[in-house]
Amino acid sequence: MKSTAVQERDHTSASETLDRLERQFTPEADFTPNGNPVVQARGITRTYGKGDAAVPALAGVDIDITEGRLTAIMGPSGSGKSTLMHILAGLDQPTAGNVWIDGTEITHLKEKRLTQLRRDKIGFIFQSFNLLATLTADENIVLPLSLARRKADEAWRRSVIEAVGLQNRLTHRPAELSGGQQQRVAVARALITRPAVLFADEPTGNLDSRTGGEVLDLLRRSVDEFGQTIIMVTHDAGAASIADRVVFLKDGRVELDEDRMTRDHIYDTIKNLEVAR
Amino acid sequence: MTRLAFRSLASRPLRTTLTVLAILLGVAMITGTYVLTDQIDNGFANIFETSYKGTAVQVEPKSSFSSMEGDAPQTLSDDLVAKALAVPGVDKAAGVYETAGAAIVDGKPVETGGAPTLLTTDTGKPFNQSVLVAGDEIQGRNQVAIIKSFADKTGLKPGDTFTIAGPAGLEEVKVAGVFEWGESGSLGGTVVIAGRLQDVQRWGGEPGRISGISISADPGVTPKELAADVKAALPTGLSVKTGEQAAADATAETADAIGSFLTPVLLAFAGVSVFVGAFIIFNAFSITVAQRRREFAMLRALGASRRQVLTSVVVEALTLGVLASAIGIGAGLGVAKGINLLFKALGADIPTAGIALEPRTVVIAVIVGVGVTLLSALTPALRATRVPPVAALQEGATLPPTRFARFGTITALAVTALGAGSLAFGIFSDGGTNGRLLFMGLGALMLFVAIAMLAKFIVRPASRVIGWPMEKMAPISGRLARDNAGRNPSRTAATAAALMIGLAMVVFVAVFAQAMKGSFSDAISKSTRADLVAQDQSAFLTVPQATVRSLEKVPGVESAAGVAFAAVKVKGGGILTANAVDPTVWAKVWGHDWRRGGSDDLFAKLDADSVILEDGSSIAAKVKAGDTIAVTSQSGRKAKLTVLGFYRDQMAYSGMMVSLDTLKKLDVPTAAGMMLVRTDGSEGTQAAVQRALAQFPTQKVQTKTEYLDAINQQVDQILMMFYGLLAMSVVISIFGIVNTLVLSVHERTREIGMLRAIGATRRQLGQMIRYESVITAVIGGVLGTLVGIAMGYVIVTQLGGDDLMFSLPWLQLVVFLVLAVVVGVVAAVLPARRAANTRILEAIQYE
Ligand SMILES: Nc1ncnc2c1ncn2[C@@H]1O[C@H](COP(=O)(O)OP(=O)(O)OP(=O)(O)O)[C@@H](O)[C@H]1O
Ligand SMILES: [Mg+2]
């Protein structure tokens, strides 16, 4: 959990990379949503515990995630961001409500089908890089394909590796890579299966702002260049400012849902939400 | 800090259980050994107490010495009974004649599985302490009372008839009654058949002879006084004891035999189990201490001293040790029963009585259980103290090495050298057998430790080789399993080492047995000029030499020779076996491996006053041809024998070769314990010889091959028993693998969660763990096999000299390797399920 103080420091020390990113990506510019919802959620509630001790982590969330966009989910600590992401990704079951990924209702899927779904439709990026220490960068990248006993499409593999800029690090093991490089391996690993949607829970949480910026740049480009759909949970206004859409949660509800927000706008929203509390 | 220790135990219930199990089973084996041997002691004490209950004084012939092979039956003249009865103060005196025999029911000799069939005298009240449970007292000629266990086994009832095969041949008898004996009602598997004195004497072919006299006292006469009076009235050279003393002596003698053989053998196997357990405890503590690195660092940062950290780990070990010892002692009672059942299953039904948990057993069990646990946990505990406070802020779970770690390889090599030295000393020194065995055992122990320390260097390459077929079968699971096995080589090495030890012992025993079997077959095949071998392989009944000679009249038989076996005490050479033969025919059926210029011609010179010595016997090194040696028989007769020459044979006829006349001179029975028959090769001779021995139905006439097969089967039975006893250490090493895997799975929770999140199926995860387990087990299995072969090679070639030949039991080795794979698969069941059931959400949030 991060304190507000830390967030502020992150914010004020925002690096040039982020500035550059913002300059490159102007939210007002020609954005045309193609209108296909890849992920749809209706009436999601999630309650932890029972009776008096019940904690409503999500209290009725409806959300449509459109194809080829980067959606950021923000909100104060404990607002339900991670819970929502887990439910959208089929890692957790909602107490009530339904989720569709690429047209398939997933809340009632059997274990086997869910694994299949994860292989085919979903990619993950975690806060801690979660690479397998014994595999090389290259092997880590193609791990989801190996698990599915599929061969990588060579051209695609090359473009992914090129995109993450790891051409000459492929034979290194995670221990020989920097944190930023490790996370880029994780991004490549998520992209390699061309998932319908890529979930990222605080992908820059463990990185300094420069390397964090590089990873964000990468995510942004994968949306722009490959049309990848991404849902990213983040605390960082800078990170959210590269999103096509920012969803604010508070107390398990959607508090604000807006397209193309600037960093300052996001920062003010965060402050307002904190004050309103 | 103590509370922390308990918390740590409680928070990892599975690890705690598995660690407790690892040491518990060893403790249980130790407890079981003592409980069982105490029970056997009690069983015999009870039997002897019962048999001498109504006896005030017991008179027996005195044996000049007793040998391991059991004493040759000696007898007295039965007119001593009348003399004893005439002694004032004697109420009753009964002559007893006893001999070994066999029972033939429905035409077939009754198998006792090695236990004797005792033909004995019903001495009547008050001497006979058996309790009649069916039928009546013996009334007339060839009526018998039989022990209930035998009646139950054969279905014989009062009124039924069956046949007794005694030294004198066959007699038909009728069951008058069925009796029980002492506390347990039986004498283990021993068959007891009691008849009238004159009947039993006739069965034994010794009318007028008795094995002893039981005497009861008049009212008011103490056994002690009576014993003195009887001794004074009878000829000298007899053993006269009070009944109580006789019971005590007999009990002490068996207890001694058990204490010097059974107890150390069983304890050795228990020791292997404890040793394997020690490895597992060491490993379990090493892993958890590494996993709790941050916790220790945090404690240190908060001001805990090194000593406090040490205390917390040591208290944890102490608790485990105490817990394991307590449960182990309880389980030991079950193990005692288990070992007894194992013996029984292999035909050795030993009498036992009561549950005998002596204070000594408890003390030893606790000392071993707690001591071994503490000792094994010491190194990991010391490593825990070396965690610096700053580690609280670092990632990862590697421990700082101990001060000696950089000498690790050197230490391992030093231990290797020391172990090899100790082993060599044990093999080559001239000390007592026990001391030498101790050094060899110690050496083997140190070598095991050294191999376990060095094994970490081969873990990675070995994982690659063993993982190769797995990668072919399931590329990604195989690859990950292989990587995981090699990730922490010391851990994998220590886990594999536990299995290595058990398997090395198994392989060693197998190799040794193979050498025994092979060498025995080889010696027999090379030396024998006979085509048929006849022997009673279960009761060891003998055949009179006259009968053996008469076999030469059987069509197809060229020559027949009988060997009588007797134990003799050689001045300056200990107790040796004298193999007595008819020198005129012996060389026709047997060709010795002559040494020092000997030849078959020596038998022409062999007479009542000469001997041919086995070159490896204790006396052979001290004499040369032409010298004389002094021998004493069990009946106390002495003789001086001139040494004619030397042969080499540690397999079939160790000790010495003498003529039958020598035995006669020494007052020892000359009946043949084994017959060798040379035929002209014509068909049907085997059956004809068997028919000629119709009066001795327990004698089995076999071809050379059949005979060797039977011997091999006996070796195999003993082998099976050893396997059974070693199974425990293999089971313990399974727990070790389970424990390591469970802890590794726990450690890799996050990684496993991630694998699931990116699309690994449960099956793939289970497979990954299973493969890792199999890799570990196969490393242990291969190492164990190699070490076992090496140990077997050293012992067979060094101790066995040129008598034992080293060869490999290939089929069994393959079976053991398959067993190692099975061990791996079995050990993986629980950890694999745990890994497969990892909840992704919890795993990726897990810190
Ligand atoms: N396993 C759980 N058991 C009980 N309550 C939980 C559990 N997981 C989350 N919660 C509760 O649900 C609410 C939402 O949690 P969630 O982790 O989704 O918040 P978040 O927005 O991701 O917070 P953060 O920014 O700190 O990561 C919180 O009040 C939390 O305490
Ligand atoms: Mg969260």
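Start at Gly78(A): one of its polar backbone atoms is 2.9 Å from an oxygen atom of ligand 1. The model is predicted.

Keep ligand 1 in view and select Ser79(A). Here a backbone N or O atom lies 3.2 Å from an oxygen atom of the ligand. Then select Ser77(A), where the contact comes from the side chain: a polar atom of that side chain lies 2.5 Å from an oxygen atom of ligand 1.

Next, show ligand 1 with its surface. On its own the ligand has 630 Å² of accessible area, and the protein covers 62% of that.

To see what surrounds the ligand, colour chain A by secondary structure. Two elements, β2 (55–66) and α3 (81–88) of chain A, give two or more residues each to the shell around ligand 1. Of these, select α3(A), which contributes three residues, the most to that shell.

Now select the whole shell. It holds 13 residues, and the nearest are Ser77(A), Gly78(A), Lys81(A), Ser82(A) and Thr83(A). Colour the shell by residue class: seven residues are polar, five are nonpolar and one is charged.

Leave the ligand and go to chain B. Select helix α24, residues 810–836, and find Val814(B) in it. Then add Val818(B), Val822(B) and Val826(B) to the selection; with Val814(B) they form a nonpolar patch on the surface. Together these four valines have about 320 Å² of accessible area. The tour ends at this patch.

Definitions and conventions. Residues numbered from 1 in each chain as written. Chains lettered and ligands numbered in written order. Predicted model: local features only at pLDDT ≥ 70, side-chain atom pairs only at ≥ 80, totals over all residues. Heavy atoms only, no water. Near = heavy atom within 4 Å. Polar contact = N/O pair within 3.5 Å; in protein donor to acceptor, adjacent residues only side chain to side chain. Areas by Shrake-Rupley, 256 points an atom, 1.4 Å probe, with all protein chains shown as cover. Helix = DSSP H or I, 4+ residues; strand = E, 2+ residues; numbered from the N terminus. Nonpolar A, V, L, I, M, F, W, Y, C, P; charged D, E, K, R; others polar. Patch = residues over 30% accessible without salt bridge, like charges linked within 9 Å, V, L, I, M, F, W, Y side chains within 5 Å. Salt bridge = Lys/Arg side-chain N within 4 Å of Asp/Glu carboxyl O.
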